[in-house]
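Welcome! Let us look at this one together, one question at a time.

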Amino acid sequence: MEALIALCIGLLIGGGVYLLLRARSFSVVLGLTLLSYATNLLLFASGGLTTNQAPLINEGGPFADPLPQALVLTAIVIGFAMTAFMLVLALRALNDLGTDRVDDRRGGEER
Amino acid sequence: MSQLLMAPIALPLVTGALLLILWRAPLRIQRALSALATLSLLGIAAALLWSGQRNGIQVYLIGDWPAPYGISLVLDRLAALMLALTALLATFALAYAITGSDRAGRHFHALFQFQLLGINIAFLTGDLFNLFVAFEILLIASYGLLLHGGGAERTRAALHYVALNLVGSLLFLIGLGTLYAAAGSLNMADLAARIAALPAADQHLARVAAMLLLAVFGLKAALIPLHFWLPGTYAAATAAVAALFAIITKVGIYAIIRLTTLVYGLGETPMLAWASPWLLAAGLTTIAIGTLGAMASDDLRELIAYLVVVSVGTLIAGIALGTPAGLSASLYYLLHTTLVTGGLFLLAERIASARDGSTRLSEGKRPPPSHQLGWVFFLAAIAVAGMPPFSGLVGKVLLLIAAQDHSALIPVWTLVLLSSLLLVMTLTRAGILVFWRGPVAAAEKPSRQPWLIATTLLATSPVLVIFGGSITDWTRDTAEQTFDAQAYVTAMRQSTPVVVRESGGHH
């Protein structure tokens, strides 16, 4: 299971970075989304991977660490809000600058 | 346990929420509410500063949960100092905004309060995950404030700023996850003890996490090579917002101080010892690049933004010396640079409005010769470049003295002195271009209030010199307390819930 999770995280990060570097606002938003999925998976895995365990500390028995789950929950909420904001900003930039290129020169006159 | 610790968080939160509800209310009501809250915050911060000195480290357990499990707020001298500085700067920034620029867009006052909320949580929180949440709150508010007033230039700056900070936030989470996997806690005091107790074989993961977090805080603080977002962002924001932003980079600095002295501060080789060559190199490069950027700027606001970059480099160099004396020098310089660069941003807008509306460093119109702006700019330039008799000099001299016994004596002295010289030349050039060249602009009736506010904020520089003795005493004690990680851990361990339940009393 560890290998699968690691592979997933790696793929998501690879895809995210690729999209981020395409430097078009919609790709950047998608890239950031993929990166935040990867980060959430990593956070989730940071408490150790267990299957079929309750997030409760029982005497001696194995349990799923509840704290990373709480962290992931917070991170998802914040990430969702940020993605929404970034989308609105990207639309606004398309409107204001007339281009969806993130690294456009100052003024944005030459398109 | 003092309930007052909650006030710097509760007050802007409630005020911000109220302002959101009252967004249709007349502007003067919003202004009054916002001003009242910010002035109260200033009072609270002063009280906390005083109580931080008298009562040592104070811990407030939110919801009365015991320390490593619940969320805790911690007030020590460093946190109290940062809170007071924030409140002071915010008061000036808000007063300046009230003179007119808050009219440029909606929700300015609500966003302003939320910005303060995020900053205050960052300074008070006792665990790293809430530091992340605090960063997000202050960033969301800063995105809104940056866009305040609108326009293509601001949108472009915001797009870069937001994307970069989102990546930074994700890196922050990755660092936190790694740290949690390595040490199993996120409470800073608890982490300090756990990391110190880690067997040598497991130290590597903790160090990887430390470096990741250092990179993130370096990004927030605009440390080389992660500084490139700052000049565009700060130059694009409205004056009052840019002045308030002068404290945001210092949140990154604060986090670096906490990480290096507290979280990794216990054990045989504290992190500061093995991170300091990196930090010092980054700090000194930041000074160099920032100075070059300032020299190359063709806009006064961009120039001031590069001065912020230079100041970040100077602060990090002081911290990287790894001694209480170095940190003490950095803290004094931090007070100076936050207030003076904040004032300079305000002044730049006064200069723009006295000219043809722009701050470009080219031969545009110059302000009428009768204007006092020139004198204030002259004195502020002296203060910010570190010439006598103002506080920039005191901060830099303290840093040079602190570096005396350090192996990096020569690079620190060379870069700090050379950068001061080059900055004086750059500011002289800027002053000549703005005040001496070109036709005289039509003498409009200068508005006194905003001018007075900018000048008063800049006048904190001589005040810092006049009370230099007691302030350096304060920063020295603060630095010593900050380096004493054991005291912080003990204070956290000794904090117990107020309501101690009887054993077996729960149902």
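Below, a colleague asks and a modeller answers.

Colleague: What kind of model is this, and how are residues and chains labelled?

Modeller: Residues are numbered from 1 along each chain as its sequence is written, and chains are lettered from A, with ligands numbered from 1, in the order in which they are written. Side-chain values use heavy atoms, without hydrogens and water, local features need pLDDT of at least 70, side-chain atom pairs count only at pLDDT 80 or more, totals for chains, interfaces and linings use all residues, and the model is predicted.

Colleague: Happy to start small! Which pattern does chain A follow along its sequence?

Modeller: Helices (H or I, at least four residues) and strands (E, at least two) are DSSP runs, numbered from the N terminus. Chain A has three helices and zero strands. Read along the sequence, its pattern is α-α-α.

Colleague: How many helices and strands are there in chain B?

Modeller: The DSSP runs are counted in chain B too. They come to 21 helices and two strands.

Colleague: What radius of gyration does chain A have, set against a compact globule of 111 residues?

Modeller: The radius is taken over C-alpha atoms, and the globule rule is 2.2 Å times the number of residues to the power 0.38. The C-alpha atoms of chain A fill a box of roughly 70 × 25 × 15 Å along the principal axes. A compact globule of 111 residues would come near 13 Å, but chain A has 19 Å.

Colleague: And what is the radius of gyration of chain B, with its 507 residues?

Modeller: Its C-alpha atoms fill a box of roughly 80 × 60 × 40 Å, again along the principal axes. The rule for a compact globule with 507 residues gives a value near 23 Å, which agrees with that of chain B: 22 Å.

Colleague: What share of the residues of chain B count as buried?

Modeller: Buried means under 20% relative accessible area, exposed over 50% and partly exposed in between, with a 1.4 Å probe and protein chains only. In chain A, 32% of the 111 residues count as buried. For the 507 residues of chain B, the share is 62%.

Colleague: Which residues of helix α9 in chain B are buried?

Modeller: This helix covers residues 229-236 and is mostly covered, with six of its eight residues buried. They are Trp229(B), Leu230(B), Pro231(B), Thr233(B), Tyr234(B) and Ala236(B).

Colleague: Why does Ser72(B) count as buried?

Modeller: Ser72(B) lies in strand β2 (residues 72-75) of chain B. Contact means heavy atoms within 4.5 Å, and beyond its neighbours within four places in sequence, the contacts of Ser72(B) include Val59(B), Tyr60(B), Asn187(B) and Met492(B). Ser72(B) counts as buried because its relative accessibility is 0%.

Colleague: Which residues does Ser276(B) contact, leaving aside its neighbours within four places in sequence?

Modeller: Ser276(B) sits in helix α12 (residues 271-296) of chain B. Its relative accessibility is 14%, so Ser276(B) counts as buried. Its contacts, with those neighbours left aside, are Met271(B) and Ala320(B).

Colleague: Last one! Which three residues supply 20% of the area that chain A buries against chain B?

Modeller: Here 33 residues of chain A are in contact with 28 residues of chain B. Buried area is the accessible area (1.4 Å probe) that two parts lose on being put together, summed over both; for these chains, it is about 2700 Å², 79% of it on carbon and sulfur atoms. The three that supply more than any other three residues are Met82(A), Leu89(A) and Leu97(A).
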